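Colleague: Could you take me on a close look at one part of this protein? I'd love to hear about the pocket and what sits around it.

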Amino acid sequence: MNYANIKPYDIADGPGVRVSLFVSGCTHHCEGCFNSEAWDFSFGRPYNKDTEDEIMNCLARPFIQGITFLGGEPMEPENQGDVLNLIKRVRKDLPSRDIWLYSGYTLETDMLSGKLSEYKSTYEILSNIDVLVDGEFILEKKDISLVFRGSSNQRIIDMKKTLADGKTRLCPEYI
């Protein structure tokens, strides 16, 4: 996996001060994407153990609330292995940090069934994150007044409640 950027202090992509990892590679190619250079899977730098250690060091700062995965597309099959490994390390070493993940894929039609459901790592990722922001960015539905999302079709999903209930549960504080 390659990554486009690491933001050690991000306040735009989830609550509190966060570390954000922008992975490279995306097949959605949404019109109006703010990060279209990261569509290319070879864009940026190779993700490796040093990269992971850098992220973990940033996350260990006491004022950091959590980590956010964005892209590109973290749920592309090519990216899932490294994304999952980092999620597992965060859960093990820094369990108080929350984990958000943005994806252009939709939970019910792409991840729990459909294209991504055949990958074991898809469900492992979903079961180890706190919040999923799902859905492609749609330029015609762009709304700058929305919190933590770019277009009105995107949802902020509480994954713990969703997996426990078997029904999609949105985070009420962001509706």
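**The pocket and a covered strand**

Modeller: Happy to! The lining of the largest pocket is made up of 16 nonpolar, 11 polar and seven charged residues. Please keep in mind that this is a predicted model. The space in the largest pocket comes to about 660 Å³. Its lining counts 34 residues, and F34, Y102, F137, G150 and Q154 are the closest to the centre of the pocket.

Let's follow Y102 from there, as Y102 is also part of strand β5, on one side of the strand with D98 and W100. The other side of β5 carries I99, L101 and S103, and the residues of both faces are all buried. Buried here means under 20% relative accessible area. Strand β5 spans residues 98-103, and six of its six residues are buried, so the strand is mostly covered by that cut-off.

Now for the neighbours of β5. Strand β4, residues 64-70, runs parallel to β5 and is joined to it by four bridges. Within this pairing, G66 of β4 stands opposite D98 in β5. The connection between these two strands includes helix α2, residues 77-93: β4, α2 and β5 together form a right-handed β-α-β unit.

Strand β6, residues 131-134, is another partner of β5, again in the parallel sense and over four bridges. Here L101 is the residue of β5 that stands opposite L132 in β6.

To come back to where we began, Y102 is one of the buried residues of β5 and also one of the residues closest to the centre of the largest pocket.

Note on methods. Residues numbered from 1 in each chain as written. Predicted model: local features only at pLDDT ≥ 70, side-chain atom pairs only at ≥ 80, totals over all residues. Heavy atoms only, no water. 1 Å grid on protein atoms, 1.4 Å probe; cavity = no way out; pocket = protein on both sides within 12 Å on 5 of 7 lines; lining within 4 Å. Points joined across faces, edges and corners; volume = space filled by probe spheres on them. Nonpolar A, V, L, I, M, F, W, Y, C, P; charged D, E, K, R; others polar. Buried < 20%, exposed > 50% of the residue type's maximum accessible area, 1.4 Å probe, protein only. Pairing = 2+ DSSP bridges. Right-handed = clockwise from strand over helix to strand, strands pointing away.
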